[in-house]
Amino acid sequence: MTHTLVASATRQHIIGFDRPFTVIGERINPTGRKKLAAEMQAGNFETVIKDALAQVAAGAHILDINAGVTAVNPNETEPPLMRQTLEIVQSLVDLPLCIDSSVTSALKVGLETAKGRPLVNSVTGEEEKLEAILPLIAKYNVAVIAISTRAPLSTSKLASRTLPSGSPA
């Protein structure tokens with residue numbers, strides 16, 4: 001049976017079909033949350049802090065972190081927000097994290113900042129995105145949550161391009 005290890009600096013969680021259900025807290029995401037987006041852009045992380053602590057209290061095993069607050073030049077605005085959000089959340093909780101972004105530069109900063117072995121969320125089958133993201137996945141040896149888009153993405157295609165033969169998931 002395949003297992004996927006996700007870890008913070010001090011805690012690990014194993015995902016697998018033969019394992020208990022994994023709860024990923026998804027509240028730290030400004031998409032569709034205008035108030036949270038405005039707060040994050042202004043440097044106010046009170047809601048992020050409340051959401052992180054509430055999700056831990058509610059039993060989350062992993063926290064998903066998304067800092068995509070604006071479509072205006074996200075390659076410049078999202079990476080520093082991702083770093084700051086990750087640093088704040090990691091200072092509060094010891095759960096493994098899931099870095100959630102469609103912006104390659106934000107994923108890179110997230111992987112550089114995250115302690116342990118995070119998940120990477122929102123990898124699509126778009127060839128251009130794969131070319132940019134898969135080297136990061138391989139470099140940091142992290143697991144991926146692939147999402148379906150119009151471009152097909154098979155798990156064998158993803159695995160064959162990121163993991164050396166025999167590597168753990």
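This briefing covers a parallel sheet and two valines in a predicted model. Local features need pLDDT of at least 70, side-chain atom pairs count only at pLDDT 80 or more, and totals for chains, interfaces and linings use all residues. Residues are numbered from 1 along each chain as its sequence is written, and side-chain values use heavy atoms, with hydrogens and water left out.

**The sheet**
- An open sheet is built from 5 strands with parallel pairing, in the order β3-β4-β5-β6-β7. Strands (E, at least two residues) and helices (H or I, at least four) are DSSP runs, numbered from the N terminus. Two strands pair if DSSP finds at least two bridges between them.
- β3 (24–28) and β7 are the edge strands; each has a single partner, so one side of each lacks a neighbour in the sheet.
- From one strand to the next, the twist averages 25°. Axes are lines fitted to C-alpha atoms, for helices over the stretch in contact; angles run from 0 to 180 degrees between N-to-C directions.
- Helix α2 (residues 46–57) packs on the sheet and touches β3 and β4. Its direction makes about 160° with that of β3. Contact means heavy atoms within 4.5 Å.
- Strands β4 (residues 62–65) and β5 (residues 97–100) run parallel, joined by 3 bridges. L63 stands opposite L97 in β5.

**V123**
- V123 lies in strand β6 (residues 119–123).
- V123 is buried, at 1% relative accessibility. Buried means under 20% relative accessible area, exposed over 50%, partly exposed in between (1.4 Å probe, protein chains only).
- V123 and L134 are 11 residues apart in sequence and 9.0 Å apart in space, C-alpha to C-alpha.

**V142**
- V142 sits in the loop between α5 (127–140) and β7 (143–146).
- V142 is buried, with 5% relative accessible area.
- Leaving out residues up to four places away in sequence, V142 touches L111, R117, P118, V120 and I137.
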